[in-house]
Amino acid sequence: IDKKVSYKKEIGVYIYRKENWRQIRNSDDVLNVIKKKFNSFEWVVFNDQPLEEMISIFSRAKIIIAPHGAGLTNMIFAPKNIPIVEIIPIDDPNMCYWHQSCILENKHYIYPQHYISPSDRNFIIDCDDFLKSIISLSI
């Protein structure tokens, strides 16, 4: 594991949820908006890479953007003082990753969203609105 940890802020990490809840349905569009805003560095999509690769990815993060979910626990391997942008359900808020982020000395930003419907607990992100929300982040 020591060989995989660098703590060099080199990449953006976008967490993709493959589960069919709290998934960003227009994930490709959101990622394209993110890449346009932060085009000076590489972006890595994380979903279920092996442990060593996961540690390597998160230890090089400059920023982490993700829907609320267990993938955010991997911020424990990230450098301190990076922005974490969490897309959180207004309908079912849980602040556990905000607390973890504060303990790890990161800057945590919450982008609240409604589920598509009560029976469809996924998100469709308004890309223009999301861009306005993250435009002021300095990385």
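Let me begin with a term: a residue is called buried when its relative accessible area is under 20%, exposed when that value is over 50%, and partly exposed in between. The structure before you is a predicted model, and I shall use these three words throughout.

I start with helix 2. This helix covers residues 51–59, and Ser59 belongs to it. Is Ser59 buried or exposed? Its relative accessibility is 0%, and because the limit for buried is under 20%, Ser59 counts as buried. Ser59 is one of several such residues in this helix: the buried residues of helix 2 are Met54, Ile55, Ser56, Ile57, Phe58 and Ser59. What do they pack against? Their partners are strand 1, at 11–15, strand 2, at 42–46, and strand 3, at 61–67. Ser59 also offers a way to gauge distance across the model. From Ser59 to Ser119 one counts 60 residues in sequence, and their C-alpha atoms are 36 Å apart in space.

I turn next to a pair of helices. Two packed helices are described by the angle between their axes together with the distance between those axes. Here the pair is helix 1, residues 27–37, and helix 4, residues 127–134; they pack at an angle of about 35°, and their axes are 10 Å apart. The crossing of helix 1 and helix 4 is right-handed. Which residues make the contact? On the side of helix 1 they are Asp29, Val30, Val33, Ile34 and Lys37, and on the side of helix 4 they are Cys127, Phe130, Leu131 and Ile134.

Asn26 deserves a word at this point. Asn26 is placed in the loop between strand 1 and helix 1. Its relative accessibility is 14%, so Asn26 counts as buried. What does Asn26 touch, once its neighbours within four places in sequence are left aside? Asn26 is in contact with Phe123, Ile124, Ile125 and Cys127. Cys127 has appeared already, as one of the helix 4 residues in the contact with helix 1.

Now to the charged pairs. How many salt bridges does the structure hold? There are 6, and I shall describe three.

In one of them, Lys18 pairs with Asp48, and the closest N and O atoms are 2.7 Å apart. This pair links distant parts of the chain, since Lys18 sits in the loop between strand 1 and helix 1 while Asp48 sits in the loop between strand 2 and helix 2, 30 residues apart. Lys18 counts as exposed, at 52% relative accessibility, whereas Asp48, at 46%, counts as partly exposed.

Another joins the side chains of Glu105 and Lys80, at 3.6 Å from N to O. Here too distant parts of the chain are linked: Glu105 is in the loop between helix 3 and strand 5, which spans 107–113, and Lys80 is in the loop between strand 3 and strand 4, which spans 83–89; the two residues are 25 apart. Glu105 is partly exposed at 46% relative accessibility, and Lys80 is exposed at 51%.

The remaining one I wish to mention is formed by the side chains of Arg121 and Asp92, at 3.0 Å from N to O. Arg121 lies in the loop between strand 5 and helix 4, and Asp92 in the loop between strand 4 and helix 3, so this salt bridge ties together parts that are 29 residues apart in sequence. Arg121 is partly exposed, with a relative accessibility of 36%, and Asp92 is partly exposed, with a relative accessible area of 36%.

Let me return to Glu105 for its backbone. Glu105 has a positive phi of about 65°, although it is not a glycine. Asn81 likewise is not a glycine and has a positive phi of about 65°. Where is Asn81 placed? Asn81 is in the loop between strand 3 and strand 4, and it is partly exposed, with a relative accessible area of 45%.

Finally, the surface. Which residues form a nonpolar patch there? They are Met95, Trp98 and Ile110, and together they have about 240 Å² of accessible area. Of these, Trp98 lies in helix 3, residues 96–103. With a relative accessible area of 33%, Trp98 is partly exposed.

How values were computed. Residues are numbered from 1 along each chain as its sequence is written. This is a predicted model: local features need pLDDT of at least 70, side-chain atom pairs count only at pLDDT 80 or more; totals for chains, interfaces and linings use all residues. Side-chain values use heavy atoms; hydrogens and water are left out. Patches are made of residues with over 30% relative accessible area and no salt bridge: like charges are joined within 9 Å, nonpolar side chains (Val, Leu, Ile, Met, Phe, Trp, Tyr) within 5 Å. Accessible areas come from the Shrake-Rupley method with a 1.4 Å probe; for residues, only the protein chains shown count as cover. A salt bridge is a side-chain nitrogen of Lys or Arg within 4 Å of a carboxyl oxygen of Asp or Glu. Buried means under 20% relative accessible area, exposed over 50%, partly exposed in between (1.4 Å probe, protein chains only). Axes are lines fitted to C-alpha atoms, for helices over the stretch in contact, and angles run from 0 to 180 degrees between N-to-C directions. A crossing is left-handed if the near helix is turned anticlockwise from the far one by less than a right angle, and right-handed if clockwise. Contact means heavy atoms within 4.5 Å.
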